[in-house]
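Me: Please take a close look at a single part of this structure, the helix that lies beside the ligand, and describe how its surroundings are built.

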Amino acid sequence: MSHHARHVATAATVDETPRRAIRAENLTKTYGAGSTAVHALEDVTFEIPRGELVVMLGPSGSGKTTMLNVIGALDAPTGGSLEVMGTSLSDLDEDERTRYRLSTIGFVFQFFNLVPTLTALENVELLAELTGDHAHRRARQALAQVGLGDRVDHFPGQLSGGEQQRVSIARALVKDVPLLLCDEPTGALDIDTGKHILRVLRDTTDRGHTVLLVTHNSEIARMADRVLRLLDGRLVTDEPNATPLAPEALQW
Ligand SMILES: Nc1ncnc2c1ncn2[C@@H]1O[C@H](COP(=O)(O)OP(=O)(O)O)[C@@H](O)[C@H]1O
Ligand SMILES: [Mg+2]
């Protein structure tokens, strides 16, 4: 009997933890205090399984960027709890938060945030070096993975917007992190370039990464495995999408 109970407990530990990428429970973020307080996130609870491409929709000011900053440990929540890839963020000290960011999270931003004086390869290497592992080879691999193997020596100013965004995805992927947090990644791109970027992101989930993409563009939700909607800091929808479209089929 006790043997059986132990067996079940072990199986649960092995089975459930790897399947969950993010668990937020009653997550709250308030900026300021008193009459000027802004409730950017209010009592938000959700779970994201590993390997899914999840789109979080919401209008400007609904709390999307705040959510990514809190999940990425760039900002601390005011209340509630957050577990990411098996790590409970409130348990981490400052050094552990830094290590968590480097080993777990890749960020992709609307305006790429590349260093203009470094080549594509150097921009990606910059991040790879922080983890020490064969930075040069891995940076080349990551750039090849996003289809930029022949542009590694170009500077950001010599690349199109879509190519710059692919460099920024390579920069996020070079650390081989399990979770990509993407803040309006197609917001600065035309539709065809945007769809190319969404294809690159979909391919990363096909290789087992988890992608959380926040946007105000509801069309992008049609390619998601799961759609969350934020309104004034509150989660108003959380539903799986049974028939995700290929990025190429989207229109906006
Ligand atoms: N550092 C900050 N200080 C005060 N208020 C902030 C700060 N960052 C965001 N906010 C406010 O929090 C709310 C959510 O903002 P944000 O997360 O940026 O929304 P979104 O990314 O959906 O546009 C907004 O009302 C915004 O003005
Ligand atoms: Mg934002």
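Reply: In this predicted model, a useful place to begin is a pair of residues in the six-stranded sheet, where Val108 has Cys182 of β7 as its bridge partner. Helix α2 packs on that sheet, touching β3 (53-57), β7, β8 (210-215) and β9 (226-231), and the direction of α2 makes about 155° with that of β7. The bridge between Val108 and Cys182 belongs to the pairing of β6 with strand β7 (residues 179-183), two strands that run parallel and are joined by four bridges.

The sheet as a whole is open, with six strands in the order β6-β7-β8-β3-β9-β10 and with mixed pairing. Because β6 (105-108) and β10 (234-240) stand at its edges with a single partner strand each, one side of each is left without a neighbour in the sheet. From one strand to the next, the twist averages 15°. A further helix, α6 (residues 161-173), lies across β6 and β7 and runs at about 170° to β6.

Helix α2, which spans residues 64-71, also lies across β1 (20-31), β2 and β4, and runs at about 120° to β1. These three strands belong to an open sheet of four, in the order β2-β1-β4-β5 and with antiparallel pairing, whose edge strands, β2 (38-49) and β5 (87-88), each pair on one side only. Within this sheet, β1 and β2 pair in the antiparallel sense over eight bridges, and Lys29 has Leu41 in β2 as its bridge partner. The hairpin that β1 and β2 form has six residues between the strands, and in it Gly32 takes a positive phi near 75°. Farther along the strand order, β4 (residues 79-84) and β5 pair in the antiparallel sense over two bridges, with Glu83 standing opposite Ser88 in β5.

The ligand brings several of these elements together. Around ligand 1 are Tyr31, Gly32, Val38, Ala40, Gly58, Ser60, Gly61, Ser62, Gly63, Lys64, Thr65 and Thr66, so that Gly32, the hairpin residue with positive phi, is also one of the residues in this shell. Both β2 and α2 supply at least two residues each, but α2 gives the most, with three residues. Sorted by class, the shell has three nonpolar, eight polar and one charged residues. Helix α2 thus lies across strands of the four-stranded sheet, packs on the six-stranded one, and contributes three residues to the shell around ligand 1.

How values were computed:
Residues numbered from 1 in each chain as written. Chains lettered and ligands numbered in written order. Predicted model: local features only at pLDDT ≥ 70, side-chain atom pairs only at ≥ 80, totals over all residues. Pairing = 2+ DSSP bridges. Contact = placed C-beta atoms within 7 Å. Axes fitted to C-alpha atoms, helices over the stretch in contact; angles between N-to-C directions. Near = placed C-beta within 6 Å. Nonpolar A, V, L, I, M, F, W, Y, C, P; charged D, E, K, R; others polar.
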